[in-house]
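Here is a walk through one protein model. Keep the structure open as you read.

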Amino acid sequence: MSKRILVTGGAGFLGSHLCERLLAAGNDVLCVDNYFTGTKRNVAACLDNPRFELMRHDVTFPLYVEVDEIYNLACPASPIHYQHDPVQTTKTSVHGAINMLGLAKRVKAQILQASTSEVYGDPEVHPQVEDYWGNVNPIGIRSCYDEGKRCAETLFFDYHRQHRLPIKVARIFNTYGPRMHPNDGRVVSNFVVQALKGEPLTLFGDGTQTRSFCYVDDLVDGLIRLMDAPAELTGPLNLGNPNEVSVRELAEKIVRMTNTRSRIEFRPLPVDDPRQRQPDIALARKALDWAPHIELDEGLKATIAYFRELLEIS
Ligand SMILES: NC(=O)c1ccc[n+]([C@@H]2O[C@H](COP(=O)([O-])OP(=O)(O)OC[C@H]3O[C@@H](n4cnc5c(N)ncnc54)[C@H](O)[C@@H]3O)[C@@H](O)[C@H]2O)c1
């Protein structure tokens with residue numbers, strides 16, 4: 001049955017893919033975004049669909065709309081962007097959560113929060129399981145994002161306990177794919193853009209540190225499955241790809257796949273760079289029958305094609 005679905009941050013990287021998937025399933029989608037890091041271009045393909053609506057709005061202000069479900073994705077996700085205006089970042093997570101939870105309560109909608117692996121901070125447990133409480137610095141330069149997201153989770157669970165609001169909390173790990181911001185400083189977009197521009201690929205450390213990358217289509221599938229799961233499954237639930245790859249291997253792969261003449265350039269490792277980050281997705285496998293399927297090569301192929309086109313336009 002078709003639903004009316006609000007996606008905050010819908011013009012961003014993950015949000016735009018989510019809007020497309022929800023529309024393709026026959027739903028009415030209202031995309032709300034203040035275009036801080038998102039763009040209208042990201043949802044250009046949706047604009048002709050009569051079931052799609054786009055609204056410029058900042059979630060730190062209240063919103064009154066009639067909807068059945070809310071996916072709350074609004075929040076800049078990369079350090080470069082969330083550290084640009086840290087006070088606004090915390091407000092987006094905290095005031096945004098309060099406004100969207102208030103709306104959900106008022107119109108009796110089910111609401112899903114896009115939380116993050118960053119709630120685990122600098123983890124002492126590998127891989128990270130959902131009942132690990134994390135190791136987060138409350139006063140550092142990343143805290144506006146990490147603590148903002150932690151507080152949002154608290155608000156979700158208090159609305160659930162206090163008002164019996166149906167909630168879902170997804171803890172998203174590193175995700176990549178087309179429509180990532182080209183200048184967000186993340187390793188996949190950095191390497192791809194550098195390779196396509198023929199610039200050296202800047203690799204921090206010796207490249208043996210590992211990361212796990214989830215392709216956007218797999219991630220969006222996980223979010224929708226979580227929203228559609230029985231009400232008892234509130235989360236928090238990890239969504240990400242547990243397959244690890246070393247950063248050096250990733251750089252070499254991108255060099256090969258782009259046929260670039262770029263070299264790999266080694267730089268000193270930043271102090272807070274984790275050696276390893278990897279989700280434990282046993283809960284998602286069991287409760288949602290979900291696991292990522294798209295191989296890194298396949299995902300990178302689509303991502304490279306996207307950036308190639310983007311760099312030709314601009
Ligand atoms: N991409 C990842 O790897 C990843 C990992 C963990 C969590 N997440 C979470 O998923 C969500 C989406 O991330 P993304 O990678 O698509 O990032 P993104 O920056 O592309 O998307 C965020 C969107 O929110 C919008 N936005 C920001 N502040 C807003 C505000 N105050 N009001 C309305 N809109 C606002 C931005 O313009 C953008 O369109 C974020 O909440 C992020 O924290 C993403």
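Begin with two helices: α5 passes α7 in a right-handed crossing. Bear in mind that this is a predicted model. Helix α5 covers residues 187–197, and helix α7 covers residues 247–258. Their axes come within 10 Å and cross at roughly 35°.

Now look at the side chains between them. From α5 come V187, V188, F191, V192, A195 and L196. They meet V247, L250, A251, I254 and T258 in α7. Sorted by class, this contact has 10 nonpolar residues, one polar residue and no charged ones.

Next, turn to the ligand. It is surrounded by 31 residues. The closest are L14, D33, T37, Y145 and K149. The shell mixes classes: 15 of its residues are nonpolar, 12 are polar and four are charged.

Where does the shell come from? Four elements each supply at least two residues: α1 (13–24), α3 (86–107), β5 (110–116) and α4 (143–163). Strand β5 gives the largest share, with three residues.

Then zoom in on the polar atoms. T37, one of the closest residues, has a side-chain N or O atom 2.6 Å from an oxygen atom of the ligand. At G38, a polar backbone atom is 3.0 Å from an oxygen atom of the ligand. At N34, a backbone N or O atom lies 3.3 Å from a nitrogen atom of the ligand.

How much of the ligand's exposed area does the protein bury? Taken alone, the ligand exposes 820 Å², and the protein buries 96% of that.

Technical notes
Residues are numbered from 1 along each chain as its sequence is written. This is a predicted model: local features need pLDDT of at least 70, side-chain atom pairs count only at pLDDT 80 or more; totals for chains, interfaces and linings use all residues. Side-chain values use heavy atoms; hydrogens and water are left out. A residue is near a molecule or strand if one of its heavy atoms lies within 4 Å of it. A polar contact is a pair of N or O atoms within 3.5 Å; within protein, one must be able to donate a hydrogen and the other to accept it, and residues adjacent in sequence count only if both atoms are side-chain atoms. Accessible areas come from the Shrake-Rupley method with a 1.4 Å probe; for residues, only the protein chains shown count as cover. Ala, Val, Leu, Ile, Met, Phe, Trp, Tyr, Cys and Pro count as nonpolar, Asp, Glu, Lys and Arg as charged, and the others, Gly among them, as polar. Axes are lines fitted to C-alpha atoms, for helices over the stretch in contact, and angles run from 0 to 180 degrees between N-to-C directions. A crossing is left-handed if the near helix is turned anticlockwise from the far one by less than a right angle, and right-handed if clockwise. Contact means heavy atoms within 4.5 Å.
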